[in-house]
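Hi everyone, thanks for making time for this. I'd like to walk you through a structure that is new to most of you, so settle in and follow along on the screen.

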Amino acid sequence: MKQYLDLCRRIVEEGVWIENERTGKRCLTVINADLEYNVAGNEFPLVTTRKSYWKAAIAELLGYIRGLSDAAEFKKLGTPTWMANANENQAWLNNPHRKGENDMGRVYGVQGRRWSKPQGGVVDQLGKIVDDLSQGVDDRGEILSFYNPGEFELGCLRPCMHTHTFSLLGDTLYLTSYQRSCDVPLGQNFNQVQVFTFLALMAQITGHKPGTAYHKIVNAHIYEDQLELMKEVQLQRQPYASPQLHINPDIKSLKDLETWVTLDDFEVTGYQCHDPIAYPFSV
C-alpha cells in the first residue's frame, strides 16, 4: 500500500501535464514506476485508502485467461469494465471490424490464447507457458504478450498491461508484468490485484511456490478531473494493513480456470478500507 501511495504523491509533486489525444483530457504524468508484490507472504496489494472492488479485477483476469472478446461475458463473470470500451468508444463504433454490440475485438486474452500466425492458425501463448512450467521448464521465453501492433485496428483498445513474463528458479515462480500506461487512481487498483493473483494462480496450477511479482509501469498518470479527489481525499487518509487472498485449492489446472472457476473460489480476509471515491473514468 505504501508504494501505491508513494507513486500517487510522486505524480502529484513531480508530474508533467500531458494532453491525451484519445480522451481529450490532460494528465499529470511521470515516467517509470517499479512496484513489487509479496505473493510468497500473501500480502494482497489492495488499496485501503478507498474501497477496492477486487472481485471485478479478478473477474477481468479470468476473462483474459479464457480469451474472451465479448464485454457481456466479462460482465457475466463479474466485471462490467469492458462495456464502455466496447459500446461507447466512438472510434470503435465506427470501425468496420466491430462485429456488433459488446464486441471488444482482438484484444487482451484473445491475443494471449489465439495469436494469429502469418501462415495461418493461431498460437496459444498461455497454454504453452502452463505446459512448460508444469514440467519444470523455463526456456527464458515464458512470455505472454497481448501487444500485437499488426492487429490494433481489430480491437477496441490497445492493451495497457501488455506483457507478462514468468521465471522459474528452482521450485519458485516469479512474474514480471509490463504496463505501457496506467490510470493510477482507477486502473492501478485493478492492475496490482491482477498481477498478484496471476502469479498466485499460475504457481498453484503448475505446482510451484509463488515468489515475488514485479510490476513495471512506463507512463503513470492522474487525469485532471481526478486530481482534486486524489490530493484532497485519498492522500489525506491513513492506510490500513494489507489483507490476504485465499484461492480455492481445488483449482489445479488451466482447464479449471477456463471452465468452472468463479469469484466464489476467491476470498479476501483482513480487509479494512476507507469509503469509496468516485473517480471519473475516461473512455
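**A walk through the model**

Let's begin with one glycine: Gly127 is buried, with a relative accessible area of 11%. Please keep in mind that we are looking at a predicted model. Gly127 sits in helix α7, which covers residues 125–134. What does Gly127 touch, once we leave aside its neighbours within four places in sequence? The contacts are Arg113 and Leu254. Gly127 and Arg113 are 14 residues apart along the chain, and their C-alpha atoms are separated by 7.3 Å.

Now please turn to helix α1, residues 2–14. Its 13 residues should span 18 Å at 1.5 Å a residue, and the end C-alpha atoms are indeed 18 Å apart, so the two values agree. Which residues of α1 are buried? They are Tyr4, Leu5, Leu7, Cys8 and Ile11. These buried residues cover an arc of only 155 degrees around the axis, so they lie on the same side of α1. On the other side of α1 you will find Lys2, Glu13 and Glu14, which are exposed. And what covers the buried residues? The cover includes β2 (25–38), α8, β8 (209–223) and α9 (227–232).

One of those buried residues, Tyr4, takes us to Gln234. Gln234 is in the loop between α9 and β9 (244–247). With a relative accessibility of 0%, Gln234 counts as buried. Not counting residues up to four places away in sequence, Gln234 touches Tyr4, Val47, Thr49, Arg50, Leu229, Ile277 and Tyr279.

Another buried residue of α1, Cys8, gives us a link to helix α8. Gly187 lies in α8, and Gly187 and Cys8 are 179 residues apart in sequence but 12 Å apart in space, C-alpha to C-alpha. Is Gly187 buried, partly exposed or exposed? At 22% relative accessibility it counts as partly exposed, since the cut-off for buried is under 20%.

Next, helix α2. It has twelve residues and reaches 17 Å from its first C-alpha to its last, close to the 16 Å expected at 1.5 Å a residue. Eleven of those twelve residues are buried, so α2 is largely enclosed by the rest of the structure. Among the buried ones are Trp54, Glu60, Leu61 and Tyr64. Just after α2 comes Gly67, with a positive phi of about 70 degrees.

While we are on backbone angles, here is a little background. Most residues other than glycine have a negative phi. Asn102 has a positive phi, near 75 degrees, in a residue other than glycine. Arg140 also has a positive phi, near 65 degrees. Where are these two? Asn102 is in the loop between α5 and α6, and Arg140 is in the loop between α7 and β5 (143–145). Asn102 counts as buried at 12% relative accessibility, whereas Arg140 is exposed, with a relative accessible area of 80%.

Let's move on to the empty spaces. How many cavities of 30 Å³ or more does a search of the whole structure find? It finds three. The largest cavity holds about 120 Å³ of space. It is lined by 15 residues, and the closest to its centre are Leu61, Tyr64, Phe146, His164 and Phe198. You have met Leu61 and Tyr64 already, as buried residues of α2. At least two lining residues each come from α2 (54–65), α6 (109–113), β6 (161–169) and α8 (187–206). By class, the lining has nine nonpolar, five polar and one charged residues.

The second largest cavity has a volume of about 60 Å³. Its lining includes Arg106, Tyr108, Phe146, Glu151 and Leu157. Notice Phe146, which also lines the largest cavity. Here the lining divides into six nonpolar, two polar and three charged residues.

Finally, the largest pocket, with about 1300 Å³ of space. Of the 50 residues that line it, Asn85, Leu157, Cys160, Phe281 and Ser282 are the closest to its centre. Leu157 also appears in the lining of the second largest cavity. The elements that each supply at least two residues to the pocket lining include β1 (16–20), α4 (82–87), α5 (90–93) and β7 (172–183). By class, that lining has 26 nonpolar, 16 polar and eight charged residues.

That's my tour, and thank you for listening!

Methods
Residues are numbered from 1 along each chain as its sequence is written. This is a predicted model: local features need pLDDT of at least 70, side-chain atom pairs count only at pLDDT 80 or more; totals for chains, interfaces and linings use all residues. Side-chain values use heavy atoms; hydrogens and water are left out. On a 1 Å grid over the protein atoms alone, a cavity is a set of points where a 1.4 Å probe fits but cannot get out, and a pocket is an open set with protein on both sides within 12 Å along at least five of seven lines; lining residues have an atom within 4 Å of a point. Grid points are joined across faces, edges and corners, and a volume is the space filled by probe spheres set on the points. Helices (H or I, at least four residues) and strands (E, at least two) are DSSP runs, numbered from the N terminus. Ala, Val, Leu, Ile, Met, Phe, Trp, Tyr, Cys and Pro count as nonpolar, Asp, Glu, Lys and Arg as charged, and the others, Gly among them, as polar. The expected span of a helix is 1.5 Å times one less than its number of residues. Buried means under 20% relative accessible area, exposed over 50%, partly exposed in between (1.4 Å probe, protein chains only). The arc is that of the directions from the helix axis to the C-beta atoms. Contact means heavy atoms within 4.5 Å.
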